[in-house]
Amino acid sequence: CKRVNDLAERARNKKLVPDEVQAGTFTITNPGVYGGLFGLPIINQPQVAIMGVGGIEKRPVVVEGDAIAIRSMMYVSMSYDHRVVDGAVADQFLARMKHFLQTFDEALL
């Protein structure tokens, strides 16, 4: 956990060295931090995929039994290289991410 925090802090401060940003296969980008709802990220070759996380906003949504409630919602997008990743597998990954985020329990931390 300390290594991840150190790496994240140096990335935010633009203090990473080239060796620390090489050989990645998957990137997560957060255009939502600037207020955007979603973005269409472009793969940084030779990586295989990039996921974009949009801003979180409260919206009306349909919940159990057709009731309408206010929930914090966000858009997630993903671009991937079809030469390496099958579209069905990429969609399954996003579906699992959606399920994990919707059922997240902070108590498990």
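Where in the structure is the place of Leu 101? The exercises below work on a predicted model, and each is followed by a solution in steps.

**Exercise 1. Find the place of Leu 101, decide whether Leu 101 is buried, partly exposed or exposed, and name the surface patch to which Leu 101 belongs.**

Solution. Begin with the secondary structure, where Leu 101 has its place in helix 2. Next take the relative accessibility of Leu 101, which is 42%. Buried would require a value under 20% and exposed a value over 50%, so Leu 101, at 42%, counts as partly exposed. Finally, look at the surface around this residue: Leu 101 forms a nonpolar patch together with Val 76, Phe 100, Phe 104 and Leu 109, and the accessible area of these residues together is about 520 Å².

**Exercise 2. Describe the open sheet that is formed by three strands, giving the order of the strands and the way they pair.**

Solution. The order of the strands in this open sheet is 1-2-5, and their pairing is mixed. At the edges stand strand 1, residues 26–29, and strand 5, residues 76–80, each of which pairs on one side only. If direction is ignored, neighbouring strands of this sheet are turned against each other by 15° on average. Now turn to one pair in detail: strand 2, which covers residues 49–53, runs antiparallel to strand 5, and five bridges join the two. Within this pair, Met 51 stands opposite Met 78, a residue of strand 5.

**Exercise 3. Work out how helix 2 is placed against the strands, and which residues Phe 93 touches.**

Solution. Start with the helix as a whole: helix 2 lies across strand 1, strand 2 and strand 5, and with strand 5 it makes an angle of about 155°. Then choose one residue of this helix, which spans residues 87–102, namely Phe 93. When residues up to four places away in sequence are not counted, Phe 93 touches Phe 26, Met 51 and Met 78; two of these partners, Met 51 and Met 78, are the residues that stand opposite each other in the sheet. The relative accessibility of Phe 93 is 33%, and therefore Phe 93 counts as partly exposed. As a last step, consider Glu 64, which is 29 residues from Phe 93 in sequence, while the C-alpha atoms of the two are 24 Å apart in space.

**Exercise 4. How many salt bridges does a search of the whole structure find, and which residues are joined into one network?**

Solution. The search finds four salt bridges. As background, side chains of opposite charge can pair when their charged atoms come close. Take Arg 10 as the starting point, since its relative accessible area of 24% makes it partly exposed. The side chain of Arg 10 meets that of Asp 6 in a salt bridge, with 3.1 Å from N to O, and both residues lie in helix 1, residues 2–12, four residues apart, which is about one turn of the helix. A further salt bridge joins Arg 10 to Glu 20, where the closest N and O atoms are 2.7 Å apart. This second pair links distant parts of the chain, because Arg 10 lies in helix 1 whereas Glu 20 lies in the loop between helix 1 and strand 1, 10 residues apart. Next comes Asp 81, which forms a salt bridge with Arg 83, the closest N and O atoms being 2.8 Å apart. Asp 81 has a relative accessible area of 10% and is therefore buried, whereas Arg 83, at 69% relative accessibility, counts as exposed. To finish, salt bridges that share partners join Asp 6, Arg 10 and Glu 20 into one network.

**Exercise 5. Examine the backbone at Pro 46, Lys 14 and Asp 66, and state where each residue lies.**

Solution. The peptide bond that leads from Gln 45 to Pro 46 is cis, with omega near 10°, and Pro 46 lies in the loop between strand 1 and strand 2. Lys 14 is not a glycine, yet it has a positive phi of about 55°; its place is the loop between helix 1 and strand 1, and at 76% relative accessibility Lys 14 counts as exposed. Asp 66, likewise not a glycine, has a positive phi of about 70°. The loop that holds Asp 66 lies between strand 3, residues 57–63, and strand 4, residues 67–73, and Asp 66 counts as exposed at 69% relative accessibility.

Definitions and conventions:
Residues are numbered from 1 along each chain as its sequence is written. This is a predicted model: local features need pLDDT of at least 70, side-chain atom pairs count only at pLDDT 80 or more; totals for chains, interfaces and linings use all residues. Side-chain values use heavy atoms; hydrogens and water are left out. Buried means under 20% relative accessible area, exposed over 50%, partly exposed in between (1.4 Å probe, protein chains only). Contact means heavy atoms within 4.5 Å. Two strands pair if DSSP finds at least two bridges between them. Axes are lines fitted to C-alpha atoms, for helices over the stretch in contact, and angles run from 0 to 180 degrees between N-to-C directions. Patches are made of residues with over 30% relative accessible area and no salt bridge: like charges are joined within 9 Å, nonpolar side chains (Val, Leu, Ile, Met, Phe, Trp, Tyr) within 5 Å. Accessible areas come from the Shrake-Rupley method with a 1.4 Å probe; for residues, only the protein chains shown count as cover.
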